[in-house]
Amino acid sequence: MEIPKHVAIIMDGNGRWAKERNLTRLAGHNEGIKTVKKVIEAAIKNKIPYLTLYAFSSENWNRPKEEVNGLMSLLNNFLEKELQLLIENKIQLKTIGRIQELPKATYQRIEDAKEKTAGFNQLTLTIALNYSSQNEIVDAVKDIVKDAKENTLSIEELDYPKLATYLDTKDLPDPDLIIRTSGEYRLSNFLLLQSAYAEIYTSPIYWPDFNQSHFTKAINQFTQRERRFGNIS
Ligand code: IPE
Ligand code: IPE
Ligand code: MG
C-alpha cells in the first residue's frame with residue numbers, strides 16, 4: 001500500500017518519561033516539544049501531506065493548574081519560536097478544537113500563525129487544542145439543526161460526507177494512520193468519527209523518546225497492511 005496521506009498522532013507519555021528521571025511533568029512536556037519538531041521534519045521527508053498532532057484535550061483542563069499553565073506557555077513559546085520554521089518549510093498551520101476558549105494571547109498567536117501560513121501546502125500541520133471529538137460532534141449537530149431550521153440544509157440529503165463538512169476537520173481528509181505513543185491502547189476522545197477506517201499503530205516509546213526512525217517504522221508498517229474497508233481481498 002502507498003504511504004498514508006494523513007497521519008494523526010496521540011503524543012503521550014511526557015509525564016511518565018519525566019517521572020522515570022525524577023523530573024517535573026513540565027520538563028517532560030518541554031522535551032516533548034523537541035519530538036514535535038523531529039516528527040514534522042520526518043513527515044516532510046516521508047512526503048506525508050497531512051500531519052495532525054493531539055496536543056491538548058478538553059479533558060486535560062482537569063490536570064493541576066500548574067501543569068495546564070505550563071502547557072499553555074509552552075504552546076505560546078512554540079508558536080513564537082517556530083513560526084519562522086513553518087514559513088521557511090511552507091507548512092500550513094491549522095487547528096481543531098475550541099481554540100476560542102484558550103487564553104486570549106495564545107488564541108491570537110494561533111490566529112496570526114494560521115493567517116501567515118494559509119497559502120502553504122508542503123505540509124498541512126493541524127494541532128488539536130482543547131479538542132474533544134464528542135464536543136466537536138455536538139457542535140456539528142447544533143449547526144446542522146440550525147441550518148435545517150433555516151432551510152439551508154435538507155435533512156434528507158444528510159450523509160457522512162455532508163456531516164463531515166460540519167466538523168473541525170472539514171478541510172482535511174480522514175486520517176489513514178493513527179499513532180499513539182507510550183503503550184496506551186485507546187483513542188482518548190480523538191477523531192472518533194474520522195478514524196472509522198484508520199489503521200492504528202501503537203508504540204511503547206514515550207513521546208520525548210520517539211524519533212524519526214520510530215516514525216518511519218510506523219509508516220513502513222502501514223504500507224504492509226491491507227485495508228479492506230468492509231470489502232474482501
Ligand atoms: C503528553 O503526555 C500528552 C498531553 C496531554 C500533553 P502526558 O502528559 O499525558 O504523559 P503521561 O501519560 O502522564 O505519561
Ligand atoms: C490524550 O492523552 C491527549 C493528548 C495526547 C493531548 P491523555 O494522557 O490525556 O489521555 P488519557 O487520559 O491517558 O486517556
Ligand atoms: Mg497521558
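The legends below describe close-up views of two ligand sites and of the aromatic pairs in a predicted model.

**View 1. Surroundings of ligand 1 in the largest pocket.**
Ligand 1 is surrounded by M11, D12, G13, N14, G15, R16, R25, H29, A55, N60 and R63. Helices α1 (14–20) and α2 (25–45) each contribute at least two residues to this shell, and the largest share, 3 residues, comes from α1. Among the polar atoms facing the ligand, a side-chain N or O atom of D12 is 2.8 Å from an oxygen atom of ligand 1, while a backbone N or O atom of G15 lies 2.9 Å from an oxygen atom of the ligand. The side chain of R63 likewise places an N or O atom 2.7 Å from an oxygen atom of ligand 1. On its own, ligand 1 exposes 380 Å², of which the protein buries 87%.

**View 2. Surroundings of ligand 2, which sits in the largest pocket.**
The shell around ligand 2 is made of I10, M11, D12, Y54, A55, F56, S57, N60, R63, R180, R186 and S188, and its largest share, 4 residues, is supplied by strand β2 (residues 50–57). Three side chains are shown with their distances to oxygen atoms of the ligand: a polar atom of N60 at 2.9 Å, an N or O atom of R186 at 2.8 Å, and a polar atom of S188 at 2.6 Å. Of the 390 Å² of accessible area that ligand 2 has on its own, the protein covers 77%.

**View 3. An aromatic cluster formed by Y54, Y131 and F190.**
These three residues, Y54, Y131 and F190, belong to one aromatic cluster. Y54 is also one of the residues around ligand 2.

**View 4. The tilted aromatic pair of Y197 and F229.**
The structure holds 6 aromatic pairs. In the pair of Y197 and F229, the ring centres are 5.3 Å apart and the planes stand at 50°, so the pair counts as tilted. Distant parts of the chain are linked by this pair, as Y197 lies in the loop between β5 (177–180) and β6 (199–202) and F229 in the segment after α7 (212–224), 32 residues apart. Y197 is partly exposed, with a relative accessible area of 46%.

**View 5. The stacked aromatic pair of W207 and F210.**
The rings of W207 and F210 are 5.6 Å apart from centre to centre, with 20° between their planes, and the pair is stacked. W207 is buried, at a relative accessible area of 1%, and F210 is buried as well, at 0%.

Definitions and conventions
Residues numbered from 1 in each chain as written. Chains lettered and ligands numbered in written order. Predicted model: local features only at pLDDT ≥ 70, side-chain atom pairs only at ≥ 80, totals over all residues. Heavy atoms only, no water. Phe/Tyr/Trp six-rings, centres within 6.5 Å; stacked < 30°, edge-to-face > 60°. Buried < 20%, exposed > 50% of the residue type's maximum accessible area, 1.4 Å probe, protein only. Near = heavy atom within 4 Å. Polar contact = N/O pair within 3.5 Å; in protein donor to acceptor, adjacent residues only side chain to side chain. Areas by Shrake-Rupley, 256 points an atom, 1.4 Å probe, with all protein chains shown as cover. 1 Å grid on protein atoms, 1.4 Å probe; cavity = no way out; pocket = protein on both sides within 12 Å on 5 of 7 lines; lining within 4 Å. Sits in = over half its atoms within 2 Å of the grid points.
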